[in-house]
Amino acid sequence: MKSSILDTISSPKDVKKLSFEQLEPLCTEIRERMIQTVAKTGGHLASNLGTVELTVALHRVFDCPQDQIVWDVGHQCYTHKLLTGRREQFLTLRQEGGISGFPKRKESIYDAYIAGHSSTSISVASGLARAKSLQHDPHHVIAVIGDGAFTSGLAFEGANNAARFGDKLIVILNDNKMSISKNVGAFSKYLSKVRSRPAYFKTKDTVESVFNHIPVVGKPMAHLMMKTKNTFKNVIYGSNWFEDMGFYYLGPIDGHNLETLCDVLERAKQLQRPVFLHIETQKGKGYSFAEENPGEYHGTSGFDIDTGKSFKSEGTNFSNEFGLYLTELAKQDSRICAITAAMKYGTGLNHFSHAFRKEGRFFDVGIAEPHAVTFAGGLAANGMLPVFAVYSSFLQRCYDEMIHDLSIEEQHVVIGIDRAGIVGNDGETHQGLFDVAMLANIPKITVYSPATYQEMKKSLYSCLYEHTGVCCVRYPRGGEITLPSGAENREGFSIWENPKDRKLLLVTYGRISKEVCHAKELLEQQGIFASVMKLCQILPFPEQAASFAQQFDHVFFVEEGIKIGGIGQMLGEILLEQNFNGRYHVLAIDGRFVEQATVSRAIEMTGLDAASIADSCKNWINHID
């Protein structure tokens, strides 16, 4: 059996013990382990394959956890996890009870900060570095951020402030797709190559030292030499934005050349000041399918390694159906525009993008959700019908813009809220459980939460053509649910009414409606008869739905979202104001973040599966009776 270098690594100290000749085979083993694991568990593959050499070099040069590495988003941290004592747990990646797909302080002392949303690393690292300086800690903080994450305003805010204190902070830009800095031509790369060599560093330091030790004229000569060098550099390849903000700039560097990476990281470490290191990597490196189609392997479910094909069925889903229907409507209405924040495929807007490529009605603004919302407001103000499709978890970044830039002036913008509710294996940072409570506080907003594709299409049409102001359609990850027949459809809601009595009403909305309808059946098997009211429009709350609920003795609301500020609480307040004489209870997610697990298991863990709903309802009724 072939011996494994990776299996000898229990901590970063073991990486330092390896000979330099062993590092390249180690990187090959890491990629093999990563591909084998993600093929089973799913996860973020392409970006992680691109940062293997960088991570090995970081742990070779720096001393973690005293030196701290902040991984932006966490889409690049798998190699880091393999090298920091989690190799044997790696097969549990993103599984219930296993290790997270993102950095997590509670999981390891080597994880400096949690990162589920992008573009936070520079701000976090700046705070960590400032704290070290204030406490006279001599160690470094390193932020690793991708070029995609650098499209966010937060990254620029962080960079604008990070270098001002002079702390031992190193920002590494992992550039795997686009050029951020202007000076990336052939000559600047040549200069960068020369400047990255140890001999260059040694000569530069020696010359500066000699000048600084010459009495009287030495320091002025050194200053003149540095000024002349910078002037020459700016004339040749322009001003460098990062240096203008106070960073010492190094790069661009080949992010797959271990020798160069280690040399440059050592140089950055020696400088003892804020450094910006620009490296270039290949997304998906080492796995041909991911190299050819990195977007498809950014976030992937389980797949066959030999063919690259997903184990998941090719069936449609809410994102796909939303994108297809929006494209169909846009073919009939030239006012409709579509906006994404770097999630064209994830939100199903690839269909729209392809159909209107030449017309300029599709906008990918990068990872800049707040900009997307305000940009949509500008489009609406001048007569367009903008639709912004965004994950629920990422919409959280847009609260101020939703209020100030859309709602106050009642701009007619439609938000497609994808991944609403529990999303599963990405865990706490990605669950879409907060959007309803967030939006419920905004005046004059309309929100639909459909459970089927047909409801979603009808809701989208209504948002575009039957309402004004801010309108939202929220829908879950995955496919539609199957509901029992026999529902009576009313304006904004549906009813499965039990003709025997009106003692108990179960109220819900969205995907969880399937569980509630099943819970109704389970309760009836125990002699407890109930009616079900499924909302489709949740904001403003339909007046007729509240009037219908008034007719029951007990109203039990089930919600796949947080309890405080949710629709369940809203209905309770409405009933109270209307002098409701019955009993009311809300079953929702209360006072917790939902951990990683499959969607079905997470629903069980939060007590929102049919059996748990039935038990909770039965216990509540027995208690009040």
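This is a short talk on four places in one structure: a helix, a lysine, a threonine and a cavity. Keep in mind that the model is predicted.

I will start with helix H7, residues 153–162. Its buried residues are Ala155, Gly158, Ala159 and Ala162. Looking down the axis of H7, you find these buried residues within an arc of 95 degrees, so they line one face of the helix. The spacing fits a general point. An α-helix has 3.6 residues a turn, so residues three or four places apart point the same way.

What do the buried residues of H7 pack against? Two helices and two strands: helix H6 at 121–134, strand S2 at 141–146, strand S3 at 169–175 and helix H11 at 241–244. At the N-terminal end, H7 is capped by Ser152, with a side-chain oxygen 3.2 Å from the backbone nitrogen of Leu154.

Helix H6 brings me to the lysine, since Lys132 is found there. Is Lys132 buried or exposed? Its relative accessibility is 9%, so Lys132 counts as buried, the cut-off being under 20%. Setting aside neighbours within four places in sequence, Lys132 is in contact with Gln66, Gln68, Asp137, His139, His140 and Val141. With Gln66 there is a polar contact: the side chain of Lys132 reaches the backbone oxygen of Gln66 at 2.9 Å. There is also a second lysine to mention. Lys168 is 36 residues from Lys132 along the chain, and their C-alpha atoms are separated by 8.7 Å.

Next, the threonine. Thr606 sits in the loop between helix H24, residues 599–605, and helix H25, residues 610–624. Although in a loop, Thr606 counts as buried because its relative accessibility is 11%. A polar atom of the Thr606 side chain lies 2.9 Å from the backbone oxygen of Ala602. Beyond four places in sequence, the contacts of Thr606 are Ile422, Ile589, Arg592 and Val594.

Last, the empty space. How many cavities of 30 Å³ or more does a search of the whole structure find? The search gives 5. The largest cavity holds about 90 Å³ of space. Its lining consists of Ala420, Gly421, Ser449, Pro450, Arg474, Tyr475, Pro476, Tyr509, Gly510, Arg511 and Glu560. Sorted by class, that lining has 5 nonpolar, 3 polar and 3 charged residues. The charged ones are Arg474, Arg511 and Glu560.

Conventions: Residues are numbered from 1 along each chain as its sequence is written. This is a predicted model: local features need pLDDT of at least 70, side-chain atom pairs count only at pLDDT 80 or more; totals for chains, interfaces and linings use all residues. Side-chain values use heavy atoms; hydrogens and water are left out. Buried means under 20% relative accessible area, exposed over 50%, partly exposed in between (1.4 Å probe, protein chains only). A polar contact is a pair of N or O atoms within 3.5 Å; within protein, one must be able to donate a hydrogen and the other to accept it, and residues adjacent in sequence count only if both atoms are side-chain atoms. Contact means heavy atoms within 4.5 Å. The arc is that of the directions from the helix axis to the C-beta atoms. On a 1 Å grid over the protein atoms alone, a cavity is a set of points where a 1.4 Å probe fits but cannot get out, and a pocket is an open set with protein on both sides within 12 Å along at least five of seven lines; lining residues have an atom within 4 Å of a point. Grid points are joined across faces, edges and corners, and a volume is the space filled by probe spheres set on the points.
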